[in-house]
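Me: Please take a close look at one part of this model, the antiparallel sheet, starting from one pair of facing residues. Then follow its contacts and its surroundings.

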Amino acid sequence: MKIIIVGAGEVGRHVAKMLSYENHEIIIMDKDENNLSDLDSNYDIMSKIGDPTSPSDLLMAGVKGCNLFIAVTPYESENINSCILAHNLGAIKTVARINNYEYLLPKNKELFNNIGVNVLIYPEMLVANEIVQSVQRSWIREFRSFCDDAMVLVCIRVRSNAEILNKPFKTGFFDHDRFRIVAIKRESHTIIPGGNDEIMANDLVYFIATRDNLEYVRTAAGKTDFQIHNIIIMGGSKIAVKVTQYLPAKIHVKIIEADRAHCYKLADEVDALIINGDGRNLDLLKDEGIEESDAFVAVTNNSEANVLACLAAKRLGIRKTIAQIENVDYIELADKLDIGTIINKKLTAAAYIYQQTLDEDTQDVQCLTYSDAQVVEFKVKAGDKITKSRIRDMKLPEDVNIGGIVRKGQGMVVNGNTVILPDDHVIVFCKASSAPKISKFFQ
C-alpha cells in the first residue's frame with residue numbers, strides 16, 4: 001500500500017512509525033524541514049519537504065494513485081483542502097484531522113465524502129470517550145473492548161495486596177479460564193509472560209477477559225470498586241466539554257477554568273458548575289470541595305500543569321485522577337509518578353488512523369497508552385495457518401500472546417489446548433514490531 005502522510009507532528013510521526021513495521025510505501029510531507037530531519041534514518045520512510053495545499057508538491061510526492069492520503073497537520077483547513085486536492089489528483093482514500101464536531105454530523109460527513117474527504121477524525125471526541133470509560137470503571141487504568149464487548153482488555157496497577165503476586169506462571173495458578181494475563185509492564189519494559197515469569201507489586205498488568213469475569217479480575221488484582229458521583233475537571237477545553245456532555249446525568253461536574261471570558265462561554269455549552277481559577281491552587285481546590293469529590297480530571301493544554309494538578313489532587317485524597325499528557329515522551333515519567341490514568345490524544349488519533357489501513361482479515365487494532373504494544377483483532381478464514389494446530393504447537397513469535405477468541409458472539413479466553421476455527425475473531429497482544437509476523441498465521 002502506498003501511503004502519504006501530511007504533517008510530521010506527533011500524530012503523523014506515530015502513524016508513520018506504526019506503519020513502518022509493515023510492507024507499505026510511506027511518504028511523509030511537511031513544510032518544515034526540521035520536522036523531517038530524523039525520519040529517514042530511524043524508520044523505513046521517505047520524507048519530502050512540501051506544501052500540502054500545493055498541487056505540484058502533492059504530485060511530486062506521488063499522490064496520483066496513492067492508496068491512502070492522511071492529513072494531520074495542526075490546521076483543520078489545511079487538512080481538508082489538501083484532502084480535496086489529493087482526491088482530485090488521484091488519491092484513492094483520504095483522511096483529515098479536524099477540530100469541529102459539527103463536521104461529523106451525518107449530513108456533513110456525506111457532504112465531505114462527496115468532495116473527496118472520506119474519513120474525518122476528531123481526536124478530542126475520541127479522548128473524551130476514553131475519559132468517560134475510565135470514570136465509569138474507577139479501578140481500571142486502561143480499557144479496550146472487542147466484538148461489541150464480547151472480550152475486554154484492561155490494564156491495572158497491582159499493589160502488594162494482590163493475590164496474583166509472586167506466582168510463577170508455570171505453577172498453573174492462572175489456569176482457570178476466567179482471565180488471561182497477556183502482558184506485564186515493569187518500569188520501561190513490556191514483558192510477554194512465560195512459565196518462569198511472575199507478577200510483582202506495582203507492575204501494570206494487562207488482562208483479557210469476558211465482561212462477566214471483570215469482577216473476578218478486580219478481586220484477583222486486589223482492587224476495590226467505588227462509584228463516582230462528583231468530578232472536578234481542570235481546564236475548559238473541547239475535551240472537557242465533550243466529557244461533560246457524555247457523562248451520565250447522575251454525575252455532578254465542576255469545571256475550573258483560568259480564563260474568565262471562556263468561563264462565560266462554557267456556561268452556555270455545558271450543564272456544569274463553572275469556576276474561574278487555577279486548578280493547581282490547593283486553597284481553591286479545598287474551597288470547591290475537592291476532598292468530597294470522587295475524581296479529578298486535568299485536560300488543559302499544559303501537560304506539566306495537568307500532572308502537577310493530579311499530584312495535588314492525590315495529596316488531598318482523590319482516589320481517581322486522569323491527566324491529559326500532550327507530549328508522548330512524558331507518558332512514562334507521568335506513569336512513574338503514579339498520577340492515575342493517562343490520556344494522550346495523539347496516540348488515540350494515530351491508532352484510529354492506523355485502522356484505515358487494515359485489510360479485510362484484520363478487524364481492529366488498538367494502541368496502548370502504557371506499553372509499546374498493540375492489541376489486534378483478526379477474523380479467521382478457512383485454511384488459515386492459525387487453524388492447523390493447537391495454540392501450544394504453533395511456535396508463535398516471542399513477542400506475541402493470543403489472549404482470547406470470540407466464537408459466534410461468545411467470548412472466551414484461550415489456553416494451550418485451544419484450537420481456533422474459521423470465522424473466530426482472535427484477540428492478539430503483540431509488540432508493534434511483531435505485528436507483521438503474527439499476520440502470517442492468518443493467511
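Reply: Arg144 stands opposite Leu153 in strand E8. This is a predicted model, with pLDDT of at least 70 required for local features and 80 or more for side-chain atom pairs, whereas totals for chains, interfaces and linings use all residues. Residues are numbered from 1 along each chain as its sequence is written, and side-chain values use heavy atoms, with hydrogens and water left out.

The names of the elements come from DSSP runs: strands (E, at least two residues) and helices (H or I, at least four), numbered from the N terminus. The facing residues above belong to the pair E7 and E8, which run antiparallel and are joined by five bridges. Two strands count as paired if DSSP finds at least two bridges between them.

E7 and E8 are part of an open sheet of five strands, in the order E7-E8-E11-E9-E10, with antiparallel pairing. Its edges are strand E7 (142-146) and strand E10 (189-191), each of which pairs on one side only.

The loops of this sheet come next. Asp149 lies in the loop between E7 and E8. Its phi is positive, about 70°, although Asp149 is not a glycine. Most residues other than glycine have a negative phi. Asp149 has a relative accessible area of 28%, so it is partly exposed. On this scale buried means under 20% relative accessible area, exposed means over 50%, and partly exposed is in between (1.4 Å probe, protein chains only).

Asn202 shows a similar feature: its phi is positive, about 80°, and it is not a glycine. It sits in the loop between E10 and strand E11 (204-209). With a relative accessible area of 42%, Asn202 is partly exposed.

A further loop, between strand E8 (151-157) and strand E9 (179-186), holds Arg178. Because its relative accessibility is 39%, Arg178 counts as partly exposed. Arg178 and Ile208 are 30 residues apart in sequence, while their C-alpha atoms are 8.9 Å apart in space. Leaving aside residues up to four places away in sequence, Arg178 touches Ala209, Asn213, Tyr216 and Val413. Here a contact means heavy atoms within 4.5 Å.

Leu153 leads from the sheet to the cores. A nonpolar core is a set of buried Ala, Val, Leu, Ile, Met, Phe, Trp, Tyr and Cys residues joined through side-chain atoms within 4.5 Å. The largest one has 45 residues, and Ile5, Ile70, Val428 and Phe442 touch the most other members. Another core, of 42 residues, lies apart from it, and Leu153 is among its members, as are Ala323, Ile325 and Ile331.

Val428 belongs to the largest core. Not counting residues up to four places away in sequence, Val428 touches Gln374, Val375, Val376, Phe378, Val400, Asn401, Ile402, Ile438 and Phe442. Val375 stands opposite Phe429 in strand E22. Strand E19 (residues 373-379) and strand E22 (residues 425-431) run antiparallel and are joined by seven bridges. E19 is mostly covered, with six of its seven residues buried.

Beyond the antiparallel sheet, helix H8 gives another view of packing. Its buried residues include Ile239, Val241 and Val243. The buried residues of H8 pack against several elements: helix H6, strand E12 (230-234), strand E13 (252-257), helix H9 (260-269), strand E16 (320-324) and helix H13 (345-354). Where H6 meets H8, the H6 residues include Met125, Ala128 and Val132, and the H8 residues include Ile239, Val243 and Tyr246.

Two of the strands that H8 packs against, E12 and E13, can be followed further. E12 and E13 run parallel and are joined by five bridges. The bridge partner of Asn230 in E13 is His252. Five of the six residues of E13 are buried, so this strand is largely enclosed by the rest of the structure.

To return to the starting point, Arg144 and Leu153 face each other, and Leu153 also belongs to the core of 42 residues. The loop between E7 and E8 holds Asp149, which is partly exposed.
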